[in-house]
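Please open the model in your viewer and keep the selection tool at hand, since this tour moves from one selection to the next and says what is there.

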Amino acid sequence: MGAPKTALLTVAALGIAGVAAGALVVYGGLYDVAATQQHFQPVYSLLETAMRQSVKMRARNIEPPRLDEERLVMRGAACFRDKCVQCHGAPGVAQGDIGKSMQPLPGPLVDARHHWKPRELYWLTKHGIRMSGMPAWEFRLSEEDLWSVVAFMARLPELTPQQYAEATRVEPTQGAPARPACGPVDGTAPLRPANAQRGARALPQYACSACHTIPGITSSSPNVGPPLAGIGGRSLIAGKLANTPDNMVRWLRHTHEVDPLTAMPEMGVSEQDARDIAAYLAALR
């Protein structure tokens with residue numbers, strides 16, 4: 001019995017030492033989180049492997065539509081120009097200062113199709129990557145726009161800088177119109193029944209948790225705006241509107257119309273997203 005007991009004690013001691021070392025790194029501020037410093041290569045490799053495996057698993061059942069339609073590819077060119085170039089660059093186009101200053105560095109997407117399947121690129125674009133700087137576009141782009149980005153990335157390796165510039169031109173040339181801006185046009189998609197679960201996901205995507213402490217939403221406990229615990233049971237919204245789902249939608253979408261003096265900004269919340277958020281907030285009692 002002596003050997004097993006010794007082994008257990010050794011394992012326990014190693015575990016305690018590991019916890020102590022981790023606590024020293026965290027609470028002692030030993031790990032440099034500055035974006036001017038790179039991750040250690042083992043840390044980078046571990047995080048990248050975990051990210052790739054996570055995406056592959058979650059995207060495994062997604063069925064892509066046809067991605068070779070020229071209309072879809074050209075729509076994707078506009079979305080890539082408006083949403084992606086600032087961090088990833090493009091043929092003949094450097095990343096913007098934001099992209100160049102991030103760690104981990106967001107690399108070029110010219111070779112994305114060689115590393116990811118279309119369904120994985122769709123998942124990445126829609127959901128983003130936590131703590132990497134890669135944003136989630138679920139609440140900014142329609143389903144068609146998300147797939148159009150994937151379609152354009154499949155075409156990207158074949159484009160010269162001149163062809164890329166033509167595909168993403170902003171100004172009309174020789175009678176040809178400019179490429180349209182990217183993003184859903186509010187009011188064109190049919191409204192679905194309010195979905196409180198989706199509203200919970202939308203709240204941080206509209207930066208609500210940057211100013212408000214919201215039950216069920218992870219945050220650093222900000223004190224900029226009032227906590228939203230119990231908001232579903234309050235009689236008034238912002239001291240002005242009766243607390244109904246329709247009025248919450250109005251407050252979220254037309255904040256300054258309701259109260260021109262409020263410090264709360266208008267966040268560009270779509271009608272559908274406002275309905276979903278209102279459903280979630282109504283349940284906070």
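**Stop one: charged pairs**

Select Arg71 and Glu144 to begin, because the two form a salt bridge (a side-chain nitrogen of Lys or Arg within 4 Å of a carboxyl oxygen of Asp or Glu), with the closest N and O atoms 2.6 Å apart. This pair links distant parts of the chain, Arg71 being in helix H3 and Glu144 in helix H7, 73 residues apart; helices (H or I, at least four residues) and strands (E, at least two) are DSSP runs, numbered from the N terminus. The model is predicted, so local features need pLDDT of at least 70 and side-chain atom pairs count only at pLDDT 80 or more, while totals for chains, interfaces and linings use all residues. Residues are numbered from 1 along each chain as its sequence is written, and side-chain values use heavy atoms, with hydrogens and water left out.

Glu144 has a relative accessibility of 38% and counts as partly exposed, where buried means under 20% relative accessible area, exposed over 50% and partly exposed in between (1.4 Å probe, protein chains only). How many salt bridges does the rule give? The count comes to 17 salt bridges.

Now select Arg198 and Asp273, whose side chains meet in a salt bridge at 2.6 Å, N to O. Arg198 lies in helix H9 and Asp273 in helix H12 (residues 271–282), so this pair ties together parts that are 75 residues apart in sequence. Are Arg198 and Asp273 buried or exposed? Both Arg198 and Asp273 are buried. If you add Glu69 to the earlier selection of Arg71 and Glu144, you will have one network, joined by salt bridges that share partners.

Move on to Arg169, which is found in the loop between H8 and H9 and, at a relative accessible area of 10%, is buried. The side chain of Arg169 meets that of Glu166 in a salt bridge of 2.3 Å, N to O, and Glu166 is partly exposed, with a relative accessible area of 38%.

**Stop two: aromatic rings**

A pair of aromatic rings is described by the distance of the centres and the angle of the planes. Rings of Phe, Tyr and Trp (its six-membered ring) pair here if their centres lie within 6.5 Å, and planes under 30 degrees apart count as stacked, over 60 as edge-to-face and the rest as tilted. A search of the whole structure finds six aromatic pairs.

Select Phe80 and Tyr164, whose ring centres are 6.3 Å apart and whose planes stand at 80 degrees, so that the pair is edge-to-face. Phe80 lies in helix H3 (residues 70–88) and Tyr164 in helix H8 (residues 161–167), so the pair ties together parts that are 84 residues apart in sequence. Both Phe80 and Tyr164 are buried.

Select next Phe139 and Tyr206, which have their ring centres 6.5 Å apart and their planes at 65 degrees, so this pair is edge-to-face. Phe139 lies in the loop between helix H6 (118–127) and helix H7 (143–155), and Tyr206 in the loop between helix H9 (196–205) and strand E1 (236–237), so the pair ties together parts that are 67 residues apart in sequence. Phe139 is buried, and Tyr206 is buried. Keep Tyr206 selected and add Arg140, which lies over the face of Tyr206 at 4.8 Å from the ring centre; a charge sits over a ring if NZ of Lys or CZ of Arg is within 6 Å of the ring centre and within 35 degrees of the ring normal.

Return to Phe80 and Tyr164 and add Phe152, since Phe80, Phe152 and Tyr164 form one aromatic cluster.

**Stop three: the surface and two spacings**

Select Leu24, Val25, Val26, Tyr27, Leu30, Tyr31, Val33 and Phe40, which make a nonpolar surface patch of about 930 Å². Patches are made of residues with over 30% relative accessible area and no salt bridge, like charges being joined within 9 Å and nonpolar side chains (Val, Leu, Ile, Met, Phe, Trp, Tyr) within 5 Å, and accessible areas come from the Shrake-Rupley method with a 1.4 Å probe, only the protein chains shown counting as cover for residues. Leu30 is found in the loop between helix H1 (2–27) and helix H2 (41–58) and, at 56% relative accessibility, counts as exposed.

Select Gln197 in helix H9, which is exposed, with a relative accessible area of 62%. The C-alpha atoms of Gln197 and Ile277 are separated by 8.6 Å, the two residues being 80 residues apart along the chain.

Finish at Cys208, in the loop between H9 and E1, which counts as buried at 15% relative accessibility. Cys208 and Phe80 are 26 Å apart in space, C-alpha to C-alpha, and 128 residues apart in sequence.
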